[in-house]
Amino acid sequence: EKIIKQLNIENVVIWKDMMEEWLLIEYIKACDICIVPSLWEGFGYAAVESATMGKKLICSNVASLPEVVQGSNVKFVQAGSSEELSRGVIEMFPWE
């Protein structure tokens, strides 16, 4: 959150921790790309829901994520690598 403010990108980046299910679905519907940069992950519901809705998805290659989300709209990055995450955003984001 601090970095978002420092970079002055609050108008294009939304940072959320926990939220109700209905609100999560609304955010996923409205997003261009979903990023799940987990260092560890249980099942990965946000990633699965995003992929199910056909959203572009960047997520860490940890735990069950590579098993539960697949396809051409998914890019896996090394967990903890901000460089790979940045490259993934540049490659996947619809720069229109």
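**Salt bridges.** Start with the charged side chains of this predicted model. Counting a Lys or Arg side-chain nitrogen within 4 Å of an Asp or Glu carboxyl oxygen, the total is two salt bridges. Select E26 and K29 to see a salt bridge between their side chains. The N to O distance is 3.4 Å. Why can these two be found about one helical turn apart? Both belong to helix α2, and they are three residues apart there, which means a separation of about one helical turn.

**The sheet.** Next, select the strands. Three of them form an open sheet. Its order is β1-β2-β3, with parallel pairing. Colour β1 and β3 to mark the edges; β3 covers 74–77. Each of these edge strands pairs on one side only. From one strand to the next, the twist averages 15°.

Now zoom in on β2, residues 56–60. How many bridges join β2 to β3? Four do, and the two strands run parallel. To see a bridge pair, select S60 and then V77, its partner in β3.

**The largest pocket.** Move to I14, W15, K16, I35 and P37. These lie nearest the centre of the largest pocket. The space inside comes to about 1,900 Å³. Widen the selection to the full lining, and 50 residues light up.

Which elements give two or more residues to this lining? Select α1 (2–6), α2 (21–30), β1 (33–36), α3 (45–52) and α5 (82–92). Helix α2, home of E26 and K29, is thus on the pocket list too. Strand β1, an edge of the sheet, also contributes.

Recolour the lining by residue class. There are 32 nonpolar, 10 polar and eight charged residues.

**Confidence.** Finish by colouring on pLDDT. The protein averages 86, and 97% of its residues reach 70 or more. Which element has the highest confidence, and which the lowest? Strand β3 is highest at 93. Helix α1 is lowest, with a mean of 86.

How values were computed. Residues numbered from 1 in each chain as written. Predicted model: local features only at pLDDT ≥ 70, side-chain atom pairs only at ≥ 80, totals over all residues. Heavy atoms only, no water. 1 Å grid on protein atoms, 1.4 Å probe; cavity = no way out; pocket = protein on both sides within 12 Å on 5 of 7 lines; lining within 4 Å. Points joined across faces, edges and corners; volume = space filled by probe spheres on them. Nonpolar A, V, L, I, M, F, W, Y, C, P; charged D, E, K, R; others polar. Pairing = 2+ DSSP bridges. Axes fitted to C-alpha atoms, helices over the stretch in contact; angles between N-to-C directions. pLDDT = per-residue confidence, 0-100.
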